[in-house]
Amino acid sequence: MSVFRKACIAVVAMFAIGPAIATGIRLPDHQAITLDNGATVLLMPRNDVPLVAANVAVRGGALADAAGKEGTADLLGGMLSKGAGNRDALQFAQALDGAGGSLGFGSSREAITASAQFLSRTAR
């Protein structure tokens with residue numbers, strides 16, 4: 001596991017677990033899976049909520065922009081929600097809304113980010 005991933009997990013744990021311990025809240029169990037490409041996925045199933053949510057951070061934010069092409073990561077983050085395939089931005093937004101979901105993209109200094117929430121059709 002890379003130093004970057006370890007640092008990210010430590011920061012998430014610090015913010016998630018620290019307040020929970022302080023207030024006596026017990027967090028749900030989670031599972032860490034490492035994919036073939038080295039990416040780490042943290043799964044935290046909650047069958048009591050009819051929602052599927054995901055947050056993704058992929059290394060490559062503003063610090064990875066090529067010299068003379070500053071702003072590329074920010075442009076990419078903004079363009080990802082402007083349509084996909086044969087759908088323009090409005091059709092893309094309508095399809096997401098019709099699925100009971102939301103999808104957002106952005107960028108930071110170190111990552112391209114995505115967050116999604118959708119209603120689960122299979123929740124108990």
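Is Leu-43 buried, exposed or partly exposed? Leu-43 counts as partly exposed, because its relative accessibility is 36% (buried means under 20% relative accessible area, exposed over 50%, partly exposed in between, with a 1.4 Å probe and protein chains only).

**Before you click**

This is a predicted model: local features need pLDDT of at least 70, side-chain atom pairs count only at pLDDT 80 or more, and totals for chains, interfaces and linings use all residues. Residues are numbered from 1 along each chain as its sequence is written, and side-chain values use heavy atoms, with hydrogens and water left out.

**Whole chain**

Show the cartoon. You will find three helices and seven strands (DSSP runs numbered from the N terminus: helices are H or I of at least four residues, strands E of at least two). Along the sequence they run α-β-β-β-α-β-β-α-β-β.

Now switch to the surface. The chain exposes about 9,300 Å² of accessible surface, and carbon and sulfur atoms hold 60% of that (Shrake-Rupley method, 1.4 Å probe; for residues, only the protein chains shown count as cover). Of the 124 residues, 12% are buried. Take the contacts with a separation of 6 or more: 49% of them join residues 24 or more positions apart (contact means heavy atoms within 4.5 Å).

**Stop 1: Leu-43 and its patch**

Select Leu-43 in strand E2, residues 40–43. Add Ile-33 and Leu-35: with Leu-43 they make a nonpolar surface patch of about 210 Å². Patch members have over 30% relative accessible area and no salt bridge; like charges are joined within 9 Å, and nonpolar side chains (Val, Leu, Ile, Met, Phe, Trp, Tyr) within 5 Å.

**Stop 2: Pro-45**

Move to Pro-45, in the loop between E2 and E3. Pro-45 is exposed, because its relative accessible area is 57%. Draw a C-alpha distance to His-30: 7.2 Å, across 15 residues of chain.

**Stop 3: Asp-65**

Select Asp-65 in the loop between strand E3 (51–59) and helix H2 (72–79). Which side chain of opposite charge is nearest to Asp-65? It is Arg-109, 9.7 Å away; Asp-65 is buried yet has no salt bridge. For charge, Lys and Arg count as positive and Asp and Glu as negative, while His and the chain ends are not counted. A salt bridge needs a side-chain nitrogen of Lys or Arg within 4 Å of a carboxyl oxygen of Asp or Glu.

Look at the backbone instead. A polar atom of the Asp-65 side chain lies 2.9 Å from the backbone nitrogen of Gly-71. The Asp-65 side chain also reaches the backbone nitrogen of Thr-72, at 3.4 Å. Beyond neighbours within four places in sequence, Asp-65 touches Glu-70, Gly-71, Thr-72 and Ala-73.

**Stop 4: Gly-71**

Stay in the loop between E3 and H2 for Gly-71. Gly-71 counts as partly exposed, because its relative accessibility is 35%. Its C-alpha is 9.7 Å from that of Ser-107, 36 residues apart along the chain.

**Stop 5: both sides of H3**

Go to Asp-88. Asp-88 caps the N-terminal end of helix H3 (residues 89–98), with a side-chain oxygen 3.2 Å from the backbone nitrogen of Leu-90. Next pick Gly-100, just after H3: its phi is positive, about 70°.

**Stop 6: Ser-120**

Finish at Ser-120, in the segment after strand E7 (111–119). Ser-120 counts as buried, because its relative accessibility is 18%. Setting aside neighbours within four places in sequence, its contacts are Pro-50, Leu-51 and Val-52.

Methods:
Polar contact = N/O pair within 3.5 Å; in protein donor to acceptor, adjacent residues only side chain to side chain.
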